[in-house]
Amino acid sequence: MHYVCTMNVENAQAQMRKGVLEYCILAIINEGEIYPTDVINRLKESNLLVAEGTVYPLLNRLKTMELLSYKWVESNSGPPRKYYQLTDNGRLFLTELNKTWHELAHAVSINTKTLNTSQQ
Amino acid sequence: MNKLLYVNIGGVVFQIDESAYQQLDNYLNSIRRKYQNSPDGDEIIKDIEHRIAELMYERVGERGAITGKHVEEIISVMGKPEDFDGNTEQFEKTNTYEEPVYKTGGSKFFRDKENNVLGGVCAGFGARFDIDPLWIRLAFLVSFFAAGTGFLLYIILWAIIPEAKTTAEKLEMRGEKIDINNIEKTVKDGAKQFGKKVNEFGEEVKQTFSKEHIDKTKRNAGDFIEDVAQTLRPVFQTVVKIFVFGALIVSLLIVVVTGIELLTNWGSDFSEIQFFGNHITEGSDQAWLLITCAIALFIIPLIGIIFSSVKYLLGVKRKTKFVSASLGLLWTACLLVVIYLGITIGRNFKYESAVSAKLQLTQPVSETMYVKLQSVKLPLSDNSIVNWSIKKDHEDDSLIFKQINIEIEKSLDTAFVVIINKTARGYDRANAKNNAQFFNYNVIQSSDSVINIPSLVTIGETEKWRDQSVEILIRVPQNKNIVIDDALDFYLDHNEYTAGLKDIELFNNKLKMTSTGLKPVN
């Protein structure tokens, strides 16, 4: 019984993270050209990322949607690296997401207010 | 011992051990499967490989050696492909990455000592086929009661299958799940591969026999044979496997049937062995030893066959010298015991001796002697006993047999004479003579013209069987008559006196002794 609960919670948590991951990645890239490994490190610092492998297909999809573009940069250690940056479309997209996020955050905070106060 | 490979991942070269390589390859393949229909699949894989190379570099540096442990760590950092972002819905649905699945060609079996009850054999099988070990345990338990087949098999598997010790082995132990899809896939793959091979072979043959290639063929004959061998190898392997499987089943069956036979006859066999000990060997201890060793002589090679066929079929390459050596030693010991006992018993049959006695006869007034068979009542309703067979009398453990011969000769004077020759064997002449002297066989004249021949020789409960036999000579004077009962058919030895007679004339018919032998009176 306990096991099943944990599984469900983990699944729900993963779903929540997945939703905001795209938003956060775009936000990080918005700060300037960046190498995926650094994106991963940033995400890990904030405990948002569980599976690193998730990032690559996501970046690829954002690139296909022409929200991102990348260029090759020579590296001192190892093969050349991809550096990602936002396209104009990407910046628009991020603005939209940002707006939605704030609306969501507001909605969430209203709806979970009782939950948070009663817990204390 | 682990094979080391070199791999180039994301443009960086690493050393990696074989099992770790397999793990990694499986992982990348599962990602590849997920993105196989996506136009950017290759790019995603490349990016991920790139990251894996970074993670490896962090751990071992350039040209460092990657182990299964590293790969496991990296896989857990990267996550399962089904958690990855999919381009469209369908990928998420159709492609899930389960616990690492290792296709090992069905050749890796390990015992799982972490989930064991006894030796972890069932747990290992469960892991290998992704079945709850409980079912396998149940199957074994059921077969335990089939005369211990399961027990025997379990012990053998325990001895053969190595324990999963390293992480890589523990991972390899976990095989593919058996379900319909999987079986179908295996069969399809096998058929495809076979078909391909046959096609290649056909092409090869076509090319080889086309005129332009004749010369080349001569040069490449060696290669050609090599190719044929290569093509036929899987076929041969399959045939060998089927054969080995057959040998395994047959051996198991024989061992089990023998086991059942021994178990079910346990009680009655006691008396059989007692009987054997009383009459042939020196007591039942010796009989026990002889029978046990004789059975072992026959069972041990079968166990050896079962052992090695299981080993072959499971593809276990573990050295089992200890087991084969002890089986061999045991077998040799049994052989020596059997030989020794054989010689001991054989010695008791070394010399032969005979004792001759003349029966006190009253001469028949009618000048005709009737020879009849006196049936010794058989406690067993077995009429199939022929001359040589030995039977056990269940009532008193005495031994009965039909080693009796009758010959009719011409008397030297005018009187009927009956001579009884008793023969037996022994470890020396005196012993043989003694053995011949002391077994009972009484021919009785019941009236002046009738001689009764007992149909069987009986040896008492504690007397030894030493190839005792009886020869009865009946001498008929010239011009006197004899009538032989047809029941004596089996006992009568033909000689010059009976030579010219057909059975129909010989038996139940008055015969007169003439100068040239017996002749019918009418």
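Select Glu407(B) and Leu473(B): Leu473(B), in strand 13 of chain B, is the bridge partner of Glu407(B). The model on screen is a predicted one. Keep Leu473(B) selected and add Ile419(B), whose bridge partner in strand 13 of chain B is also Leu473(B).

**The four-stranded sheet of chain B**

Now widen the selection to whole strands. Strand 8 and strand 13 of chain B run parallel and are joined by seven bridges. Next select residues 417-426, which make up strand 9 of chain B, and residues 469-476, which make up strand 13. Seven bridges join these two strands as well, but here the strands run antiparallel. One pair to pick out is Asn421(B) with its bridge partner in strand 13, Glu471(B). As a general point, strands of a sheet pair through backbone hydrogen bonds, in a parallel or an antiparallel way.

Add strand 4 of chain B, and the open sheet of four strands is on display, in the order 4-9-13-8 with mixed pairing. Which strands stand at the edges? They are strand 4 (351-358) and strand 8 (404-410) of chain B; each has a single partner strand, so one side of each lacks a neighbour in the sheet. Look along the sheet: neighbouring strands are turned by 20° against each other on average, if direction is ignored.

Select residues 429-437 of chain B for helix 14, which packs on this sheet and touches strand 4 and strand 9 of chain B. The direction of helix 14 makes about 130° with that of strand 9 of chain B.

Go back to strand 13 of chain B. Is this strand largely enclosed or left open? Six of its eight residues are buried, so strand 13 is largely enclosed by the rest of the structure.

**The three-stranded sheet of chain B**

Move to another sheet in chain B, an open one of three strands in the order 1-2-3 with mixed pairing. Its edge strands are strand 1 (4-9) and strand 3 (65-66) of chain B, each pairing on one side only. Select residues 12-17 for strand 2 of chain B, which pairs with strand 3 in the parallel sense over two bridges. To find the pairing, click on Gln15(B) and then on Ala65(B), its bridge partner in strand 3.

Residues 41-60 of chain B form helix 2, which packs on this sheet and touches strand 1, strand 2 and strand 3. Between the directions of helix 2 and strand 2 of chain B the angle is about 70°.

**A helix by itself**

Select residues 149-160 of chain B, the twelve residues of helix 7. From its first C-alpha to its last, helix 7 reaches 16 Å, close to the 16 Å expected at 1.5 Å a residue. Colour its buried residues, among them Leu152(B), Tyr154(B), Ile156(B) and Leu157(B).

**Chain A and the interface**

Show chain A, which has five helices and two strands. Followed from the N terminus, the elements of chain A run α-α-α-β-β-α-α. Of its 120 residues, 32% count as buried.

Finally, show both chains together. The contact takes 24 residues from chain A and 21 residues from chain B. About 1,800 Å² is buried between the two chains, with carbon and sulfur atoms giving 48% of that area. How many salt bridges lie across the interface of chain B and chain A? There are four. To end the tour, select Lys82(A) and Asp47(B), which form a salt bridge with the closest N and O atoms 2.7 Å apart.

Note on methods: Residues are numbered from 1 along each chain as its sequence is written. Chains are lettered from A and ligands numbered from 1 in the order in which they are written. This is a predicted model: local features need pLDDT of at least 70, side-chain atom pairs count only at pLDDT 80 or more; totals for chains, interfaces and linings use all residues. Side-chain values use heavy atoms; hydrogens and water are left out. Two strands pair if DSSP finds at least two bridges between them. Axes are lines fitted to C-alpha atoms, for helices over the stretch in contact, and angles run from 0 to 180 degrees between N-to-C directions. Contact means heavy atoms within 4.5 Å. The expected span of a helix is 1.5 Å times one less than its number of residues. Buried means under 20% relative accessible area, exposed over 50%, partly exposed in between (1.4 Å probe, protein chains only). Buried area is the accessible area (1.4 Å probe) that two parts lose on being put together, summed over both. A salt bridge is a side-chain nitrogen of Lys or Arg within 4 Å of a carboxyl oxygen of Asp or Glu.
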